[in-house]
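Visitor: I would like to understand how the words used for a protein structure are justified. Could we take them one at a time?

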Amino acid sequence: MLRFRYLIVAFTTASLGFWANAQDLKIEDIDKSQFKNLIGDFSANSLHTSVQGAAPLGDIWGFEVGLVGGLTQTPELDKIVKQAEAGASADQIYHAELLGVLSVPFALTGEIGLIPKLGGDDFKFSAMSLALKFTPTELFFELPVDIAVKAALTKVEAEFHQEENGNPVDYDFTNDVTHIGVFVSKNFVVLEPYAGVGLVNAKGDLSFSGTALVFDPTYTVGTSASEKTSSTAFILGTEAKLLLLKLGLEYTHVFDTSRFTGKISFYF
């Protein structure tokens, strides 16, 4: 049985309160469909965002640095932990990362999201996302709105250790998420609302060394599993630009669940 405490904590590293209150969630005997649904929940949480519209940061150059974070509803994870232990609950998890954005000539904007490797002997976690945005309405033609195409890649890695009936078990989990989408936004000087739609592909790998009851034997009798899943993403958000400060809010519907993200950043 995999006690999912460390993996859940890994996805909530910025929420210090959750470190103190995280439940020792259990997961066992999951089949292929459940594992794919689990990857969907985690991938919705991992999906890259800069909480930003289609426009670049400036006519030629622009720079932004800040923090994004929020919560993701996880109905499939909640079902799985309830299956293993009545009364358990995991209906939402949190996400956060450091954000850097750079706009350069030719209407190109690069983005990076980062959680540096952290943890100790029992658990280690790191995440990085990269994105490239191109805004043709800035370069080739003018419209009442800005339109952009953005491609993004997220890589999450987690290692954690636990004891099962006195026996040590080591787990490795990786989550890869790619997203390509089209964004439209309108700049009202202070506010810039935006909308986006895109395709998300995700892959999850879970392996362990030792003796544990993680997978349903009809799925695999091995010590590892890997699944892929995909979804359409729908995004709505807005930014407020206050001198050098930006505040943003975003809603994303992907993998049949909802994610809410906020941002605070400085831009030049």
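Visitor: Which residue in β12 does Glu64 stand opposite?

Guide: In this predicted model, Glu64 stands opposite Tyr267, which belongs to β12.

Visitor: What makes β3 and β12 a pair of strands?

Guide: Two strands count as paired if at least two bridges are found between them, and nine bridges join β3 to β12, residues 257-267, with the two running antiparallel. The requirement is therefore met. Strand β3, residues 62-73, also pairs with β4, residues 92-104, in the antiparallel sense over twelve bridges, and there the bridge partner of Leu71 is Tyr94.

Visitor: Why is the contact between Glu76 and Lys79 called a salt bridge?

Guide: The term asks for a side-chain nitrogen of Lys or Arg within 4 Å of a carboxyl oxygen of Asp or Glu. For Glu76 and Lys79 the distance from N to O is 3.6 Å, so the pair qualifies as a salt bridge. Both residues lie in helix α4, three residues apart, which is about one turn of the helix.

Visitor: How do you know whether Glu76 and Lys79 are buried or exposed?

Guide: Buried means under 20% relative accessible area and exposed means over 50%, with partly exposed in between. Glu76 has a relative accessibility of 22%, so Glu76 is partly exposed, whereas Lys79, at 52%, is exposed.

Visitor: What makes Asp176 and Lys155 a link between separate parts of the chain?

Guide: Their side chains meet in a salt bridge, with 3.1 Å from N to O. Asp176 lies in strand β8 and Lys155 in strand β7, so the pair ties together parts that are 21 residues apart in sequence. Lys155 itself is partly exposed, because its relative accessible area is 34%.

Visitor: Which residues share a network with Glu239 and Lys246?

Guide: The side chains of Glu239 and Lys246 meet in a salt bridge of 3.3 Å, N to O, and both residues are buried. Salt bridges that share partners join these two with Glu64 and Lys263 into one network.

Visitor: Why can Glu157 be counted in a surface patch of negative charge?

Guide: A patch takes residues with over 30% relative accessible area and no salt bridge, and like charges are joined within 9 Å. Glu157 has a relative accessible area of 35%, so Glu157 passes the accessibility cut-off. Glu157 gathers with Glu159, Asp170 and Asp172 in the negative patch on the surface, to which β7 and β8 each give two or more residues.

Definitions and conventions
Residues are numbered from 1 along each chain as its sequence is written. This is a predicted model: local features need pLDDT of at least 70, side-chain atom pairs count only at pLDDT 80 or more; totals for chains, interfaces and linings use all residues. Side-chain values use heavy atoms; hydrogens and water are left out. Patches are made of residues with over 30% relative accessible area and no salt bridge: like charges are joined within 9 Å, nonpolar side chains (Val, Leu, Ile, Met, Phe, Trp, Tyr) within 5 Å. Accessible areas come from the Shrake-Rupley method with a 1.4 Å probe; for residues, only the protein chains shown count as cover. Lys and Arg count as positive and Asp and Glu as negative; His and the chain ends are not counted. The place of a charge is taken as NZ of Lys, CZ of Arg, CG of Asp or CD of Glu. Helices (H or I, at least four residues) and strands (E, at least two) are DSSP runs, numbered from the N terminus. Buried means under 20% relative accessible area, exposed over 50%, partly exposed in between (1.4 Å probe, protein chains only).
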